[in-house]
Amino acid sequence: MGRVYQRVLLKLSGEALMGELNYGIDPIVVEQIAQQLADLIADGVEVAVVVGGGNIFRGVKGAAAGMDRATADYIGMIATVMNAMTLQDSLERMGVQTRVQTAIAMQEVAEPYIRRRAIRHLEKKRVVIFGAGSGNPFFTTDTTAALRAAEINAEVIFKATKVDGIYDSDPHVNPDAKRYNSLTYGHVLTHDLRVMDSTAIALCKDNNIPIIVFDLSVPGNIRRAVLGENVGTIVGGFCEVS
């Protein structure tokens with residue numbers, strides 16, 4: 001089995017960096033993720049990452065508590081930069097050249113997001129981590145992942161989660177929930193399966209970018225997904241239940 005994808009974008013939630021903690025960043029989990037990315041770079045894969053900030057601050061929750069929504073979202077964007085810098089540090093300690101690019105100017109700690117520069121970094125086999133979301137309130141980091149994937153001509157988005165794919169209902173609540181092997185974009189939108197927000201799904205549909213949803217907690221799953229193994233659910237094909 002050869003490598004299927006040459007340029008990929010990995011969407012990491014902030015919660016993925018918590019591990020078993022209730023808040024913040026688990027250095028062991030970050031190191032495990034960084035090692036998987038380092039393995040991809042060693043295989044010659046071009047890797048971009050969009051990271052969320054929900055382990056530190058979530059804008060929607062801040063707004064629900066009475067904060068101005070735009071202000072809360074900007075705070076959430078800053079949280080994503082903290083996560084991006086943490087992942088960068090772990091990668092560079094492994095000898096992997098990494099660049100953090102942010103949609104909000106933070107020139108002392110990261111580069112501004114410049115599309116052509118990001119692509120050049122990828123061509124040089126540097127991991128590029130996109131922080132601060134899209135730079136706009138009211139948009140999620142899922143939407144940012146779809147937007148950046150389209151901009152850098154990524155072949156696929158890998159959505160790392162805590163479950164091994166997409167189910168027709170919550171598998172933690174319904175033991176008889178059925179897992180999909182593949183889904184159309186339309187099915188995800190029509191049935192509100194909440195893989196990613198609807199704006200992100202629509203962007204992927206318009207740009208023909210497949211989304212692969214898989215379980216991040218299984219060691220080596222990122223590499224298996226890149227190699228084309230069946231490790232989750234692919235959105236962009238036809239509907240098939242396992």
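**Note on the predicted model: strand β3, helix α5 and three loop residues**

1. R99 stands opposite V128 in strand β5. That pair belongs to a parallel pairing: five bridges join β3 to β5, which covers residues 127-131. The model is predicted, and the points below should be read with that in mind.

2. β3 also has a second partner. Two bridges join β3 to strand β4, residues 111-112, and this pairing is parallel too. Here Q101 stands opposite E111.

3. How many of the five residues of β3 are buried? Four of them are, so the strand, residues 98-102, is largely enclosed by the rest of the structure.

4. Overall fold. The protein chain has eight helices and 11 strands. Its radius of gyration is 17 Å, and a compact globule of 242 residues would have one near 18 Å, so the two agree. Along the principal axes, the C-alpha atoms fill a box of roughly 50 × 50 × 35 Å.

5. Burial and contacts across the chain. Of the 242 residues, 52% count as buried. Take the contacts between residues at least 6 apart in sequence: 73% of these join residues at least 24 apart.

6. Surface and charge. The accessible surface comes to about 11,300 Å², and carbon and sulfur atoms hold 51% of that. There are 24 positive and 27 negative side chains. The centres of the two sets lie 6 Å apart.

7. Helix α5 is mostly covered, with eight of its 11 residues buried. The buried set is T141, D142, T143, T144, A145, A146, R148 and A149. Which elements do the buried residues of α5 pack against? On the strand side they meet β1 (7-12), β2 (46-51), β5 and β6 (156-161). On the helix side they meet α3 (69-93) and α7 (198-207). β5 therefore appears twice in this note: it pairs with β3, and it packs against buried residues of α5.

8. T144 is a useful residue to inspect within α5, which spans residues 141-151. Its relative accessibility is 2%; the cut-off for buried is under 20%, so T144 counts as buried. Leaving out residues up to four places away in sequence, T144 touches V50, G133 and S134.

9. K125 lies in the loop between α4 (115-123) and β5. Is K125 buried or partly exposed? With a relative accessible area of 28%, K125 is partly exposed. Beyond its neighbours within four places in sequence, K125 is in contact with Q6, I41, G44, V45, E46 and Q97. N230 is another matter: K125 and N230 are 105 residues apart in sequence and 25 Å apart in space, C-alpha to C-alpha.

10. F138 deserves a backbone check. Its phi is positive, about 75°, although F138 is not a glycine. F138 sits in the loop between β5 and α5. The side of the question that concerns cover is simple: F138 has a relative accessible area of 53% and is exposed.

11. D192 also has a positive phi, near 50°, and is a residue other than glycine. Where is D192 placed? D192 is in the loop between α6 (185-190) and α7. At 46% relative accessibility, D192 counts as partly exposed.

Note on methods. Residues numbered from 1 in each chain as written. Predicted model: local features only at pLDDT ≥ 70, side-chain atom pairs only at ≥ 80, totals over all residues. Heavy atoms only, no water. Buried < 20%, exposed > 50% of the residue type's maximum accessible area, 1.4 Å probe, protein only. Helix = DSSP H or I, 4+ residues; strand = E, 2+ residues; numbered from the N terminus. Pairing = 2+ DSSP bridges. Rg over C-alpha atoms; globule rule 2.2 N^0.38 Å. Contact = heavy atoms within 4.5 Å. Areas by Shrake-Rupley, 256 points an atom, 1.4 Å probe, with all protein chains shown as cover. Lys, Arg positive; Asp, Glu negative; His and termini not counted. Charge placed at Lys NZ, Arg CZ, Asp CG, Glu CD.
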